[in-house]
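Reader: Please take a close look at one part of this model, the surroundings of the ligand, and then set the sheet beside it in your account.

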Amino acid sequence: MMGMAYRDKDIFASLCQKMLPVLEEKKQRLGRKLRFMEVCGTHTVSFSKTGVREVLADYVDLVSGPGCPVCVTDQSDMDQMIAFAKRSDTIVATFGDMMKVPGSYSNLYKEKADGAEVRIVYSPSQAVEIARQNPQKQVVFLGVGFETTVPSIALSIRKAEREKVRNYFVYSAHKLTPPALQPLIQDPTHQLDGFLLPGHVSVIIGRKGWNLLESLNEPAVIGGFEPIDLLTSIYLLTLEMNKERRSVVNNYSRMVRENGNEKAQELLKEIFEVDSVKWRGFGILPNSGLRMNAAYQSYDALTNLPVDRPVTKGIKGCRCGEIVKGKETPFGCPLFAKACTPENPIGPCMVSSEGTCSTYYQFERGKEKITY
Ligand code: SF4
């Protein structure tokens with residue numbers, strides 16, 4: 001199938017005829033609906049936007065996972081980023097979606113209004129340009145993202161090195177996706193039947209990058225984002241449940257290769273090293289983040305630009321820590337769509353367009369029957 005065919009209504013309808021009875025049969029055998037986690041925030045949006053969540057609702061509970069990088073960024077990282085913005089000799093460069101993410105006492109948007117130099121950029125290389133044009137300032141790029149985002153940040157560091165820009169730094173709050181799934185699989189209270197794995201991350205790490213799930217014998221399917229991708233991935237997950245020995249299924253082979261993007265992987269290894277880092281809601285997860293390695297320490301904002309970081313405190317009433325683990329739906333938060341809206345977000349899951357609260361606000365309001 002090519003391009004638009006993955007959205008073809010007739011093909012979708014005929015696949016539903018074939019696949020939905022298989023889901024129904026499995027549901028009958030289990031005596032409950034199936035419970036699959038969509039790990040990626042883009043999948044959460046796609047299920048709602050395309051209406052596929054509704055099509056599957058009688059058979060499957062779709063549980064949102066830790067797939068929005070802004071949402072899983074720990075509160076202490078936010079406080080660190082805001083503290084960089086408070087330095088009088090520093091320009092903070094960031095993607096726009098970080099501006100309203102709350103720290104313990106402030107956010108970047110407020111800091112900018114109070115006179116801090118915070119600039120929104122569309123690529124990390126723009127931040128290198130800002131550094132070149134402002135040699136008297138230190139420029140910190142806020143590195144927030146999964147495996148998909150890190151290659152462009154690694155390239156910006158290479159660019160700064162090649163062009164001898166010495167006042168460019170990166171604060172690396174990058175996360176690696178597979179290690180966050182292990183505690184969810186091993187949580188006996190969770191009862192997840194399998195994982196729909198993120199297509200974009202898989203383009204970088206490849207099918208092989210999910211070896212961990214294979215070793216845990218967990219049903220897992222790599223999927224794309226069009227209606228037919230979503231439906232067939234859920235169907236394949238159901239088939240995997242019936243197998244004794246599972247392997248990670250690549251249902252996005254038009255984009256994802258077995259070994260992923262090896263060039264991007266080499267670039268990451270050249271500049272970063274794996275570290276155990278803190279995630280919102282999860283705490284410290286072993287080998288789940290990337291820090292600058294010894295050879296690139298001179299670009300590391302954390303070691304080169306000291307700040308007074310305040311004591312971190314949680315956001316009163318916000319349930320994002322539970323939402324990113326799929327333990328709670330946005331409807332479980334008393335602030336949802338009342339005190340907390342996209343115009344006035346209280347937690348990160350409402351700030352990011354890929355956050356579960358923001359997606360539910362946009363597409364699922366009034367459907368409070370959705371539970372996990
Ligand atoms: S609705 Fe707002 S306050 Fe509640 S969990 Fe979501 S982001 Fe946090």
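Author: A residue is counted as near the ligand if one of its heavy atoms lies within 4 Å of it. In this predicted model, the residues around the ligand are Cys318, Arg319, Cys320, Ile323, Cys333, Leu335, Phe336, Cys340, Ile346, Gly347, Met350 and Cys357. Sorted by class, this shell holds 10 nonpolar residues, 1 polar and 1 charged. Cys counts as nonpolar in this sorting, Arg as charged and Gly as polar. The ligand takes up the space of the largest cavity.

The sheet comes next. Four strands form an open sheet in the order β4-β3-β5-β6, and their pairing is parallel. The edges are held by β4 (117-120) and β6 (168-172); each has a single partner strand, so one side of each is left without a neighbour in the sheet. On average, neighbouring strands are turned by 25° against each other, direction ignored.

At the β4 edge, the partner is β3 (residues 90-94), which runs parallel to β4 and is joined to it by 4 bridges. Within this pair, Ala93 has Arg119 of β4 as its bridge partner.

Two helices accompany the strands. Helix α7 (residues 124-133) lies across β3, β4, β5 (138-143) and β6, and runs at about 170° to β5. Helix α8 (residues 150-162) also packs on the sheet, where it touches β5 and β6; the direction of α8 makes about 155° with that of β6.

Notes
Residues numbered from 1 in each chain as written. Predicted model: local features only at pLDDT ≥ 70, side-chain atom pairs only at ≥ 80, totals over all residues. Heavy atoms only, no water. Pairing = 2+ DSSP bridges. Axes fitted to C-alpha atoms, helices over the stretch in contact; angles between N-to-C directions. Contact = heavy atoms within 4.5 Å. 1 Å grid on protein atoms, 1.4 Å probe; cavity = no way out; pocket = protein on both sides within 12 Å on 5 of 7 lines; lining within 4 Å. Sits in = over half its atoms within 2 Å of the grid points.
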